[in-house]
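Me: Could you take me through one part of this structure up close? I'd like to hear about the sheet and whatever packs around it.

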Amino acid sequence: MSAIDEYMNSHPGVKRRYDSMDPSARRPGRGHGNAVPIHAGRQAPTPSPEVSNVSDPSKVSTPGRLGDPLQKASNASKASEMVDRVFSWFSRYIRTQRPVDLDYITLWAVHTHLLSFLPVSPRMVIDSIMPGSGKTTLLEHLAHICHLPLIASGISSPALIPRMIAATGERSITVLIDEADRTLDPKKEGVGDLLAVINSGSKRGATRPVLVPDKDSGWKAQNMPTYCAVAMAGNSPMLPDDTRSRSGQVFLLPDNEGRAMETDWVSDSSMEDAAGCLCEGLEAWADLYGERVQAARPSLPEGCKGRAKERWITFAKIAEVAGGRWPQAVTDMILQDMEREEAERADGLNTMPPKALLIQDCLEVMASPFTPTMTLVSSLSMAHPDRWGSESPYGTPLTRQRLAKMLSPIGVHSVQNRAHNDRTRGYLKADFQRVAEALTTPPERGSRSARGARGDSANHANHANHAKEGYQPPAEPPGPDTSDTSDTSRKGASQDDATLGF
């Protein structure tokens with residue numbers, strides 16, 4: 001039984017809704033017509049006649065109801081109205097540490113309905129430092145509003161996501177990963193392959209080879225699409241830098257003041273109705289404005305290039321078409337993100353690969369010109385258990401063999417303690433100082449002052465820690481069902497994929 005069949009059999013509600021979809025209404029990556037979306041195990045309700053026929057949404061008392069979605073989306077003079085309504089929805093039920101995080105959540109939800117028109121799907125990391133901050137609640141709201149959502153608190157195989165995308169007839173889906181601190185734990189087998197799927201799927205046209213049953217040879221490799229929207233929620237999830245560089249982070253704290261409205265999907269049917277209307281409105285909005293979003297060529301702030309441009313071009317395209325306050329809102333978010341990165345560079349938090357970090361930590365714990373190997377290993381493990389002790393991604397404390405393997409490529413080797421004429425082997429502090437001096441580079445001219453960085457430093461503390469940890473243990477060889485681990489094939493990518501449509 002394939003992974004997709006196993007998933008469908010274990011989620012009969014999802015299977016029934018998928019089987020009931022009209023194949024003729026399945027347009028690649030776009031709206032689902034009259035088909036019912038996958039909403040986290042719930043069937044989205046059909047809007048009541050009194051809601052569908054209302055042309056003036058102000059006459060509808062239920063918050064979030066839109067009236068006839070196509071009628072509202074067709075008001076070209078108010079293209080921002082739909083995006084504003086999505087923002088209003090999230091601002092009622094979700095509390096973030098920074099107000100701009102609500103803007104990010106809003107645009108991320110909107111972009112899930114536009115994936116066939118967009119070159120990149122930025123990942124969203126929903127972070128917090130403790131349970132009860134509203135991460136799962138946010139995922140539930142996203143599941144009611146985003147396009148073809150799938151909530152997963154555990155993914156059994158890295159091949160599941162490509163197979164789910166392929167099973168929907170090349171249509172885009174929205175993957176909402178809960179408990180990412182456990183699901184994407186680098187110490188778990190197969191997580192490296194799963195992260196490779198998540199990373200490759202951020203660009204349109206990306207595929208991964210997946211083993212599928214073959215009656216002649218038993219198994220054969222088949223390229224399957226990986227392009228989809230992905231949000232990951234967890235308590236300080238330990239994500240590698242290449243995943244975080246493709247992601248925007250929103251940070252949640254417990255709503256101790258009770259400012260957020262209660263989320264009640266069970267007993268409040270009007271809330272479900274309103275969310276269903278909002279989702280339908282976004283589908284109609286995407287059908288109406290999708291081609292304009294695709295053709296948009298927004299101007300980004302100077303210095304926003306490379307991976308940062310990939311993260312923000314999608315939101316900038318949507319904002320340019322939506323108009324209103326959204327172009328300035330995206331510009332503000334980009335500038336804050338650039339200032340955050342510069343502040344972290346100034347603090348040495350996001351430019352230190354594992355070996356460079358090891359050099360720094362060794363200099364910190366070496367109290368004399370010569371330090372025996374075992375003394376250095378134990379000092380590192382005690383001083384920084386999250387990097388070199390039992391709490392590290394390896395799951396075991398640093399050993400002298402692993403220390404030697406990390407230091408040997410950069411020209412630092414153990415020597416005998418000649419000062420005391422014994423055969424004890426250890427490391428010279430001068431060797432580490434020599435490498436550290438070579439790694440030190442002066443700041444670039446004309447760069448913005450790190451003091452101008454906005455946003456609370458706590459919002460990025462977790463990213464800083466993960467950037468320091470950096471390394472991951474080698475992944476175990478994949479089994480037959482998780483063989484989709486080779487590099488992304490760019491064959492079949494759309495014509496403007498090479499330039500990402502910028």
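Reply: Sure. Keep in mind that this is a predicted model. For context before zooming in: contacts between residues 24 or more positions apart make up 75% of those with a separation of 6 or more in the protein chain. The protein chain has 20 helices and 12 strands, and 51% of its 502 residues are buried.

Now the sheet. Five strands make it up, and it is open, with parallel pairing and the order β4-β5-β8-β3-β9. At the edges sit β4 (149-152) and β9 (247-251), each with a partner on one side only. On average, neighbouring strands here are turned by 15 degrees against each other, ignoring direction.

Look at the β3/β8 pair next. Strand β3 covers residues 123-128 and β8 covers residues 229-235; the two run parallel and are joined by 5 bridges. If you want one to find on screen, take Met 124, whose bridge partner in β8 is Ala 231.

Then there are the helices. α7 (residues 135-145) packs on the sheet and touches β3, β4, β5 and β8, with its direction at about 150 degrees to that of β3. Helix α6 (residues 100-111) lies across β3, β5 (174-177), β8 and β9, and runs at about 130 degrees to β9.

That brings us to the nonpolar packing. The largest nonpolar core holds 61 residues, and Trp 89, Phe 90, Trp 108 and Leu 142 have the most contacts inside it. Among the elements giving two or more residues to this core are β3, β8, α6 and α7, along with α5 (80-93) and α12 (269-295). The top contributor is α12, with 9 residues.

Phe 90 is a good place to park the view. Leaving out residues up to four places away in sequence, Phe 90 touches Leu 102, Ile 105, Thr 106, Ala 109, Leu 138, His 141, Leu 142 and Ile 145. Apart from that core lies another one, of 23 residues, including Leu 160, Ile 173, Ala 180 and Val 230.

One last thing, on the cysteines. Cys 228 counts as buried because its relative accessibility is 1%, under the 20% cut-off. Cys 304, at 7% relative accessible area, is buried as well. As for disulfides, the structure holds 0.

Key. Residues are numbered from 1 along each chain as its sequence is written. This is a predicted model: local features need pLDDT of at least 70, side-chain atom pairs count only at pLDDT 80 or more; totals for chains, interfaces and linings use all residues. Side-chain values use heavy atoms; hydrogens and water are left out. Helices (H or I, at least four residues) and strands (E, at least two) are DSSP runs, numbered from the N terminus. Buried means under 20% relative accessible area, exposed over 50%, partly exposed in between (1.4 Å probe, protein chains only). Contact means heavy atoms within 4.5 Å. Two strands pair if DSSP finds at least two bridges between them. Axes are lines fitted to C-alpha atoms, for helices over the stretch in contact, and angles run from 0 to 180 degrees between N-to-C directions. A disulfide is a pair of cysteine sulfur atoms within 2.5 Å. A nonpolar core is a set of buried Ala, Val, Leu, Ile, Met, Phe, Trp, Tyr and Cys residues joined through side-chain atoms within 4.5 Å.
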